[in-house]
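Q: Could you take a close look at one loop residue in this structure and walk me through its surroundings, then the wider fold?

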Amino acid sequence: PKAIASACSSSIALWAHDGTHVGTLEGHECPIIALLAEPDGLFSVSVDGTVFWWDVPGQQLRRIVREPHPDVTVHCAALHQSGLYLVGTEGGEAVVDGAGDVVVHMVDTFEP
């Protein structure tokens with residue numbers, strides 16, 4: 001696919017360059033708030049803090065990198081060479097190792 005989209009739903013639509021819908025990635029239970037592409041796949045992050053790592057060409061879930069967290073609401077995410085950063089509210093600062101090869105850092109937001 002040449003384009004990927006998620007419209008605050010729990011699924012990811014895959015589109016070809018010519019606009020043809022070629023598939024849908026499903027599995028999140030809450031709305032997806034971030035899609036982060038990297039050379040080996042696609043990360044999707046939902047509002048409950050769940051992080052999935054997708055094999056886009058195969059249209060399948062590679063692995064659940066982070067399970068939902070009941071005390072966290074994630075507002076945004078960023079991918080960096082040092083790991084995947086999630087920014088949210090509620091709960092304290094936590095660092096979660098996502099099964100060895102992906103490190104997920106949870107960072108608190110603050111009120112000005």
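A: Let's start with Thr50, which sits in the loop between E5 and E6. Bear in mind that this is a predicted model. Despite that loop position, Thr50 counts as buried, because its relative accessible area is 6%, under the 20% cut-off. Its side chain makes a polar contact with the side chain of Asp48, at 2.8 Å. Leaving aside residues up to four places away in sequence, Thr50 touches His28, Ser44, Val45, Arg66, Glu67 and Pro68.

Two of those names lead elsewhere. Val45, touched by Thr50, belongs to the largest nonpolar core, a set of 12 residues. Asp48, the polar partner of Thr50, is also touched by Cys30.

Take Cys30 next. You'll find Cys30 in the loop between strand E3 (21-26) and E4. With a relative accessibility of 22%, Cys30 counts as partly exposed. Besides Asp48, Cys30 touches Ser9, Ser10, Ser46 and Val47, again not counting residues up to four places away in sequence. Cys30 and Gly49 are 19 residues apart along the chain, and their C-alpha atoms are 9.2 Å apart in space.

Now back to the core that holds Val45. Its other members are Ala34, Leu36, Phe43, Val51, Trp53, Val65, Val72, Val74, Ala77, Leu84 and Leu86. At least two residues of this core come from each of strand E4 (32-38), strand E5 (41-46), strand E6 (51-55), strand E8 (73-80) and strand E9 (83-89). Apart from this core lies another one, of eight residues, including Ile12, Leu14, Leu42 and Val56.

Leu36 is a handy place to see how some of these pieces meet. Setting aside residues up to four places away in sequence, Leu36 touches Gly41, Leu42, Phe43, Val45, Ala77, Ala78, Leu79 and Leu84. Among these, Phe43, Val45, Ala77 and Leu84 are in the largest core with Leu36, while Leu42 is in the eight-residue one.

Zooming out, the protein chain has zero helices and 11 strands, so to speak an all-β reading along the sequence: β-β-β-β-β-β-β-β-β-β-β. Of its 112 residues, 35% count as buried, and Thr50 is a buried residue too. Among contacts between residues at least 6 apart in sequence, 26% join residues at least 24 apart. The chain's accessible surface comes to about 6400 Å², with 54% of that belonging to carbon and sulfur atoms.

Key
Residues numbered from 1 in each chain as written. Predicted model: local features only at pLDDT ≥ 70, side-chain atom pairs only at ≥ 80, totals over all residues. Heavy atoms only, no water. Core = buried A, V, L, I, M, F, W, Y, C linked by side-chain atoms within 4.5 Å. Buried < 20%, exposed > 50% of the residue type's maximum accessible area, 1.4 Å probe, protein only. Helix = DSSP H or I, 4+ residues; strand = E, 2+ residues; numbered from the N terminus. Contact = heavy atoms within 4.5 Å. Areas by Shrake-Rupley, 256 points an atom, 1.4 Å probe, with all protein chains shown as cover. Polar contact = N/O pair within 3.5 Å; in protein donor to acceptor, adjacent residues only side chain to side chain.
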